[in-house]
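User: Please take a close look at one part of this model, the sheet of the first chain and what packs against it. I should then like to see how that part sits within the wider assembly.

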Amino acid sequence: MAEPASDPADSARDGDPEVPDIDLPSDAFDAVLDALAGRDPGEPLRFEGFSVGRDDAGEDSDDGDAAGEYRLDPADGDRRTGLSERDLHEALDDRAPTVTDWYAFERVVGEFGPRRAFLRWLEDADGATVATRYAALAEGIERAWGELRITATITDRGERRYDVRHADDAGVPVDDLDAYDDPLDARELVKLDEKGRYRPLKTAPSLAGGWVFPDLGARDAYELVETIYPATVANWHREREGELDVTHWRETMERQSGIYGVVKTWDRGEGHEHVNWVAEACCDDSQCLKRREWQYDDETDLDVDGGDGVFPCREPCSVVVSAARKWTRLESEQPRTYEFDLTPSEKEQVEAIIDAVADGQIDEIREADTKEGANRYRTRFLRAKLFDEDGNLGGVPTESDEEDEE
Amino acid sequence: MQSLVIVAHGSHLNPGSSAPTYDHADTIRATGAFDEVKTGFWKEEPHFREVLRTVEGDEIYVVPLFISEGYFTEQVIPRELRLDGWDVSEWDSDGLSADQASLVAEDIDREIHYCGPVGTHRAMTDVIVRRAESVTGDPDVGEEFGLAVVGHGTERNENSAKAIEYHADRIAERDRFDEVRALYMDEDPEVDDLPEYFESDDVVLVPLFIADGYHTQEDIPEDVGLCEDHTEGYDVPTEVDGTRIWYAGAVGTEPLMADVLLERAADAGADLGTALDDVRETTRVATGD
């Protein structure tokens, strides 16, 4: 078999990965013939480094049907005309990586913008040459998407295959994981975290591992990613195209109705500190892998970090809106002064308990580790000491009858 | 390229809320009638706001997996899908007759066919009957049986009661069950007093809800007296005050619901081939013979 377009001997000498041998599959070749059949002779089909077209010169030949109807124009060589179908097959088989690359994206992946852009991004198809990419695919190209590890490889027919799994399972043998092949099966995998708790937000960094889709085709790989992290590819694609439609906090809350209509009353024209707190509470990378692009409004950025995620967040999500509804009610209360007596350690313990809950660390604090303020025994001791029989901290009622009487 | 988008409520709290949506989407996918079947949610992802941008097709049918016409189908979904120029008069509905409206969704700058909810479609009547067949395991259930169709009352939405009455009346006209009644959770006739409204010894209770959750798994079983506390569970049937109640759980979980989604799309012009017949056949209750 002929060598691929670039000289693998050179690559090997440089220590670069080799371009794999690719056999031109008949479906790819048929797709080329099919594409040419619908074209005028003056409209060649362009590939990286060459083009093929229908050969109008064939009609001038005196040899009748001996002259073929195809021609091939290498970018850096002599044009070949009068190629028969068999000649063309031979010429394209010599260039099988380039032809199968065309087939993979033009016929298998198709035109749909997000899918095409994502699958090209996985292998840097808009930057690297076919030879470079095929060599890299032969080794396996790894990409991260949220908590996913996606590994793209290539078969000897130039077909892409994808292994998708949790990043924590990188390097684990497929046989040690639960293997799936239908992307829709992922709907069950994303439902619960590893402790069996429901995940209301699919981009929360709580995806459980232990599974693998070891051998997906291109379309299924895209479907899987969009099942695990819905609409993230679509929004990432819009952002790359410079068309991400960001809806800021104010606009989002103005739109709400029904039980959520109340949230707009939380914005009182007195600054946006409350929205900073919301974003810090809900949108931090520790809580959501999307990169927050929405701000308070068109002119006012929030003061907290939006995160480093690869895919953007274009407006406050339903989880944020629901929580904001609760906070709108809670924050309408006026502060009042309560008096408690706490030892310095007790004050620090209250802070430690809040930190442990806010950072989701209560399960990590060991049962007998009484050095930790949020340890269960320490916390039960605090409750036993400071709560009265009605559960009031320091014996101080939340609503004071005496205050009302004053 | 023809696409179906099923839009449903979903939940931040209940992991089972999306299950019927996914199940019906799978049933429809298996028919091959659509090039793609997508799901979008109010409380889950993809959200209504972003589901259309995941859709590839150019003939897009959006069907709400909701029981009644009202706040969600008339305000929330059209607003969140960004249907340009939407006005509820597009449906020209009396609360039961919403069919479809073809409008441009600004999010994708393509026309979509926005359909009425499944719950008010005439085919929904068959799903309620099928639900009764499923829970009794009897494809011919009816004789010596009563049927209670149960839903919210008018407290939140007057159309909610309309849908329940509509289907109860249609089933009654078929003379299949000895008695058919519409009962409500928050108004008379109340589901709490179910045995008082039926003479039959056996009554199938079908709640007109899309997904099993708080109302169908906690509220109704406790109110009807199937159990003291929902955590104890209950038998099907359970005898309450001399009436054997066959509690069916949410009608929306019945596989035949996929048929109603298809009917909605077909009414809006979707080309379905043999899908309707296929779904009616594959979701049938086995006779057990």
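Analyst: Two strands pair if DSSP finds at least two bridges between them. The model is predicted, and what follows is to be read in that light.

In chain A, strand 1 and strand 2 (residues 50-54) run antiparallel and are joined by three bridges. One of the residues concerned is Leu45(A), whose bridge partner in strand 2 of chain A is Val52(A).

This pair belongs to an open sheet of four strands in chain A, ordered 1-2-3-4, with antiparallel pairing. The edges of the sheet are held by strand 1 (45-47) and strand 4 (80-83) of chain A; each has a single partner strand, so one side of each is left without a neighbour in the sheet. From one strand to the next, the twist averages 20 degrees. In general terms, strands of a sheet pair through backbone hydrogen bonds, either parallel or antiparallel.

Two helices of chain A contact these strands. Helix 2 (residues 26-37) of chain A lies across strand 1 and strand 2 of chain A, and runs at about 60 degrees to strand 2 of chain A. Helix 3 (residues 85-94) of chain A packs on the sheet as well, where it touches strand 2, strand 3 (70-74) and strand 4 of chain A. The direction of helix 3 of chain A makes about 135 degrees with that of strand 4 of chain A. Strand 2 of chain A is thus named in the contacts of helix 2 and in those of helix 3.

Beyond the sheet, chain A meets chain B in a contact that takes 19 residues from chain A and 16 residues from chain B. On the side of chain B that touches chain A, helix 2 (48-51) and helix 3 (71-81) of chain B are the elements that give two or more residues. Helix 3 of chain B gives the most, with three residues. By class, this side of chain B comprises seven charged, five nonpolar and four polar residues.

Chain B itself is divided into domain 1 (2-120 + 254-282) and domain 2 (124-252). Their centres, taken over C-alpha atoms, are separated by 26 Å. Between these domains of chain B, 24 residues of domain 1 are in contact with 21 residues of domain 2. Helix 1 (19-31) and helix 8 (257-267) of chain B each supply at least two residues of the domain 1 side. That side of domain 1 of chain B has 12 nonpolar, 10 polar and two charged residues.

Methods. Residues numbered from 1 in each chain as written. Chains lettered and ligands numbered in written order. Predicted model: local features only at pLDDT ≥ 70, side-chain atom pairs only at ≥ 80, totals over all residues. Contact = placed C-beta atoms within 7 Å. Nonpolar A, V, L, I, M, F, W, Y, C, P; charged D, E, K, R; others polar. Domains from an automatic or database assignment. Axes fitted to C-alpha atoms, helices over the stretch in contact; angles between N-to-C directions.
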